[in-house]
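Thanks for coming, everyone. I'll put the sequence and the model up on the screen, and then we can walk through what's in there.

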Amino acid sequence: MICNPFCITLFAMYSVMEIADRLRQARIESGCRSALEAAQTHGWTASTYAAHENGTRIPKPKDIAKYAAAFKSDPCFITYGTNPQQTRIAGVSESALRQVVKFVMQHEGAKDADEDVIADLIIDLCHYVTRSGEGGLSNIVDFEMRRRAAQAG
């Protein structure tokens with residue numbers, strides 16, 4: 001069978017874009033809001049990391065391993081989309097759940113809130129993250145803590 005070189009190039013480009021998308025997802029789940037923030041936080045060259053995340057450069061295996069370690073992700077997930085070690089709780093990854101719990105527990109209203117209220121809030125936020133990602137999570141926590149405190153008191 002003869003392969004069209006255009007198809008091979010298209011397939012390679014599609015695979016790079018998938019890696020870039022999964023790299024972005026791992027970054028977001030780790031709590032870094034932008035490629036620049038991730039690069040600055042971890043001491044990487046911002047332009048190189050951004051090129052890997054936007055798919056204009058193919059990350060080498062050592063880069064993928066470095067990113068996976070920094071984002072507490074699995075290199076198999078970033079490379080192939082499989083993640084045999086990732087646990088999902090309430091529909092979100094373990095790292096996303098960790099972020100949700102941190103946001104909730106760091107909120108000023110958490111110290112006065114009932115444990116059941118906090119548990120319900122965490123579950124609701126997990127559903128929110130599943131539907132829409134982690135963007136704006138701190139605003140949602142603030143709003144929900146105030147709303148639930150008003151309902152309780």
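Let me fix one word before we start: I'll call a residue buried if its relative accessible area is under 20%, exposed if that's over 50%, and partly exposed in between, using a 1.4 Å probe and protein chains only. By that yardstick, buried residues make up 34% of the 153 residues in the protein.

Now the small print. What you're looking at is a predicted model, so I'm asking for pLDDT of at least 70 for local features and 80 or more for side-chain atom pairs, while totals for chains, interfaces and linings use all residues. Numbering runs from 1 along each chain as its sequence is written, and side-chain values use heavy atoms, with hydrogens and water left out.

Okay, the overall layout. We've got 8 helices and 2 strands, and these are DSSP runs numbered from the N terminus, H or I of at least four residues for helices and E of at least two for strands. Reading from the N terminus, the order is α-α-α-α-α-β-β-α-α-α. For contacts I mean heavy atoms within 4.5 Å. Take the contacts with a separation of 6 or more: 57% of them are between residues 24 or more positions apart. The accessible surface comes to about 9500 Å², with 58% of that belonging to carbon and sulfur atoms; that's Shrake-Rupley with a 1.4 Å probe, and for residues only the protein chains shown count as cover.

On to the charges. Side chains of opposite charge can pair when their charged atoms come close. My cut-off for a salt bridge is a side-chain nitrogen of Lys or Arg within 4 Å of a carboxyl oxygen of Asp or Glu. How many salt bridges does a search of the whole structure find? It finds 4.

Let me take Arg24 and Asp21 to begin with. Their closest N and O atoms are 3.0 Å apart. Both sit in helix α1, residues 5-30, and because they're 3 residues apart, about one helical turn separates them. Arg24 is partly exposed at 27% relative accessibility, and Asp21 is partly exposed too, at 41%.

Then there's Arg27 with Glu53, a salt bridge at 2.6 Å, N to O. This pair ties together distant parts of the chain, since Arg27 is in helix α1 and Glu53 is in helix α3, residues 46-54, with their positions 26 residues apart. Buried or exposed, what are Arg27 and Glu53? Both of them are buried, with Glu53 at a relative accessible area of 6%. The 2.6 Å link between these side chains also counts as a polar contact, meaning a pair of N or O atoms within 3.5 Å, where within protein one must be able to donate a hydrogen and the other to accept it, and residues adjacent in sequence count only if both atoms are side-chain atoms. Leaving out residues up to four places away in sequence, Glu53 touches Ala20, Leu23, Arg24, Arg27 and Ala35.

Next up, Lys66 and Asp63, whose closest N and O atoms are 3.6 Å apart in a salt bridge. They're 3 residues apart in helix α4, residues 61-71, so again it's about one helical turn. Lys66 is partly exposed at 36%, whereas Asp63 is buried at 13%. And back to the earlier residues for a second: Asp21, Arg24, Arg27 and Glu53 are joined into one network by salt bridges that share partners.

Let's stay on α4. Which residues of α4 are buried? Those are Asp63, Ile64, Tyr67, Ala68 and Phe71. Look down the axis of α4 and the buried residues fall within an arc of 130°, so they line one face of the helix; the arc is that of the directions from the helix axis to the C-beta atoms. On the face turned away from that buried side, you'll find the exposed residues Pro61, Lys62 and Ala69.

Just past the end of α4 comes Lys72, with a positive phi of about 55°. Most residues other than glycine have a negative phi. Lys72 isn't a glycine, yet its phi is positive. Lys72 lies in the loop between α4 and α5, the latter being 75-80, and it's exposed at 69% relative accessibility.

Last item, the cysteines. How many disulfides does a search of the whole structure find? It finds 0, where a disulfide would need a pair of cysteine sulfur atoms within 2.5 Å. Cys32 is buried at 8% relative accessibility, while Cys76 is partly exposed at 33%.

That's my tour; over to you.
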